[in-house]
Amino acid sequence: MSYAMLTREQIAARIANDIPEGAYVNLGIGMPTLVGNYLPKDREIILHSENGILGMGPAPAAGEVDMELINAGKEPVTLLTGGAYFHHTDSFAMMRGGHLDICVLGAFQVSATGDLANWSTGGDAIPAVGGAMDLAVGAKNVWVMMEHLTKEGRSKIVSRCTYPLTGIGVVKRIYTDLAVIDITPRGLVASRQVPGLSFDELQRLTGVPLLPSGARAAA
Amino acid sequence: MLLFAGKRDILFEAMINKIVPSVEAALADVRDGSTILIGGFGGAGVPAELIDALIAQGARELTIVNNNAGNAEFGVAALLKAGRVRKIICTYPRLNDSYVFEALYRAGKIELELVPQGTLSERMRAAGAGIGAFYTPTSYGTDLAKGKETRMIEGKGHVLEYPLGGDVALVKAERGDRWGNLVYRKSARNFGPTMASAAKCTIAQVYEIAELGALDPECIVTPGIFVTRVVKVLRSPQRLETEKAA
């Protein structure tokens, strides 16, 4: 049976739809930033930016760019009514101190026990970490948004990360272009596979054992 | 008398006046080998005029603390290019256009200490707040915690981190008064308040000097006790365009 992988936009829309009213949310640089474009208009969701913004709004209209109002990716943004500015140390107190309900991060690899590798591929690249390690240990729920497989077709969900770690046992949920995987004390629970993708096929593609979401109730 | 001078340069003056006439005057006494905290995140909050003046001033063998390691060839990148920096302590030195840093790093001409962003900020806060060290869960179990003391606290691994203070802090604020009180603008605030507290000599560049009392005391972000000198610079539309393009 054939199936189509979700586009990045479709994954972003799926994540956005899972964010509840009133949540304080940090969207990581790169792919997770797309989630901001799909937040349901009828929900009040407060976006945090590590460089000192709560209530961050979308990109400004042309001609209204203010380079003193930028997001963590250094792109111009806006402030929603009710938003606030604060300094870096306060911002990271919010992140590290467990005040954010959800952060959505990209990843190179996630292990079966929720270890996250998303800051370095090792080798001789210039190392750069930014706020990734603070978010990983601090947010109440760390959600990862990534492709299920590498370009070479290998599972990015692994028994043990081979790339340098960002945090240990921190990821609660993974949104991929094939399914949603919850990391639970019993193991990895797969749900919401794309249409046409059977659980067995998803298991075959994934580097570690999965439980079907139906088994959750049965177990 | 020195004991009571706080962050003031001139004693026995009739009134406190931290305002200095020029960026050159503000930076005249920066010494070789100094550790310099430089505010800014991306293009926002970069004390560009002070950095340019530091390059002109000529101090060498500097240790620079900044979120990034400069981009294109202005600001921190220009300082690196001028060969004034021995070591950089930062969180994210890999930008699309951080080629000046990359070339120096690959040639072994600059030392890099990579620090998670919240840990960098908290280490400076600790320096400013008189805290001897602190345990943070950030980086526990990662390569960035290698060689550091760790401890389990309430079942969670923590890493011991030490304060990071500066000889000089260069910060950009929007308005300041002669007591050194500062307010910032939007996300240009970023590291400014923490760095201001963490250096022996804090120099703030502002676009506007306010009369004493004109800044709302309820809204002052950096109280003057943390500030040594305030210098007015002109808002330069041209510079803004350069930063946008970068």
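Colleague: What happens just after α2(B), at Gly58(B)?

Modeller: In this predicted model, Gly58(B) has a positive phi of about 95°, just after the end of α2(B).

Colleague: Which residues of α2(B) are buried?

Modeller: Ala48(B), Glu49(B), Leu50(B), Ile51(B), Ala53(B) and Leu54(B) are the buried ones.

Colleague: And which sheet is in chain B, open or closed?

Modeller: Chain B has an open sheet of 8 strands with parallel pairing, in the order β1-β14-β12-β9-β2-β3-β4-β5. β1 (19-20) and β5 (111-114) of chain B have a single partner strand each, so one side of each has no neighbour in the sheet.

Colleague: Where does α2(B) pack?

Modeller: Helix α2 of chain B, residues 48-57, packs on the sheet and touches β2 (35-38), β9 (166-172) and β12 (199-206) of chain B. The direction of α2(B) makes about 120° with that of β12(B).

Colleague: Let's go along the strands. How many bridges pair β2(B) with β3(B)?

Modeller: There are 3 bridges, in the parallel sense, and β3(B) covers residues 62-65. Thr35(B) stands opposite Thr63(B), and Ile36(B) stands opposite Ile64(B). Between these two strands the chain passes through α2(B), in a right-handed β-α-β crossover.

Colleague: What about β3(B) and β4(B), how many bridges there?

Modeller: They run parallel and are joined by 4 bridges. Thr63(B) has Lys87(B) as its bridge partner in β4(B). The chain goes from β3(B) through helix α3(B), residues 76-81, to β4(B), and this β-α-β crossover is right-handed.

Colleague: Which residue is the partner of Lys87(B) in β5(B)?

Modeller: Glu111(B) is the bridge partner of Lys87(B) in β5(B). Strand β4(B), residues 85-90, pairs with β5(B) in the parallel sense over 4 bridges.

Colleague: Back to β2(B). Which residue of β9(B) is opposite Leu37(B)?

Modeller: Ala169(B) stands opposite Leu37(B). The strands β2(B) and β9(B) pair in the parallel sense over 3 bridges.

Colleague: What else is Ala169(B) in contact with?

Modeller: Leaving aside neighbours within four places in sequence, Ala169(B) is in contact with Leu37(B), Met195(B), Ala196(B), Ala198(B), Ala199(B), Thr202(B) and Ile203(B). The largest nonpolar core has 126 residues, and those touching the most other members are Ile15(A), Leu116(A), Val144(A), Ala169(B) and Ile203(B).

Colleague: Some of those are in chain A. How many residues of each chain are in contact with the other?

Modeller: 39 residues of chain B are in contact with 30 residues of chain A. On the chain B side, α4 (99-106), α5 (117-129), α6 (192-198) and α7 (237-245) each supply at least two residues. The largest share, 5 residues, comes from α5(B).

Colleague: How do the residues on that side of chain B divide into nonpolar, polar and charged?

Modeller: The side of chain B that touches chain A has 14 nonpolar, 15 polar and 10 charged residues.

Colleague: Now chain A. Where is Gly83(A) found?

Modeller: Gly83(A) is in strand β4 of chain A, residues 78-85.

Colleague: Why does Gly83(A) count as partly exposed?

Modeller: Gly83(A) counts as partly exposed because 14 C-beta neighbours lie inside 10 Å. A buried residue needs 20 or more, and an exposed one has 12 or fewer.

Colleague: What does Gly83(A) touch?

Modeller: Not counting residues up to four places away in sequence, Gly83(A) touches Ile53(A), Leu54(A), Gly55(A) and Met56(A). The C-alpha atoms of Gly83(A) and Leu47(A) are separated by 9.3 Å, with the two residues 36 apart along the chain.

Note on methods
Residues are numbered from 1 along each chain as its sequence is written. Chains are lettered from A and ligands numbered from 1 in the order in which they are written. This is a predicted model: local features need pLDDT of at least 70, side-chain atom pairs count only at pLDDT 80 or more; totals for chains, interfaces and linings use all residues. Two residues are in contact if their C-beta atoms, placed from the backbone, lie within 7 Å. Ala, Val, Leu, Ile, Met, Phe, Trp, Tyr, Cys and Pro count as nonpolar, Asp, Glu, Lys and Arg as charged, and the others, Gly among them, as polar. Two strands pair if DSSP finds at least two bridges between them. Axes are lines fitted to C-alpha atoms, for helices over the stretch in contact, and angles run from 0 to 180 degrees between N-to-C directions. A crossover is right-handed if, with the strands pointing away from the viewer, the path from the first strand over the helix to the second runs clockwise. A nonpolar core is a set of buried Ala, Val, Leu, Ile, Met, Phe, Trp, Tyr and Cys residues joined through C-beta atoms within 7 Å.
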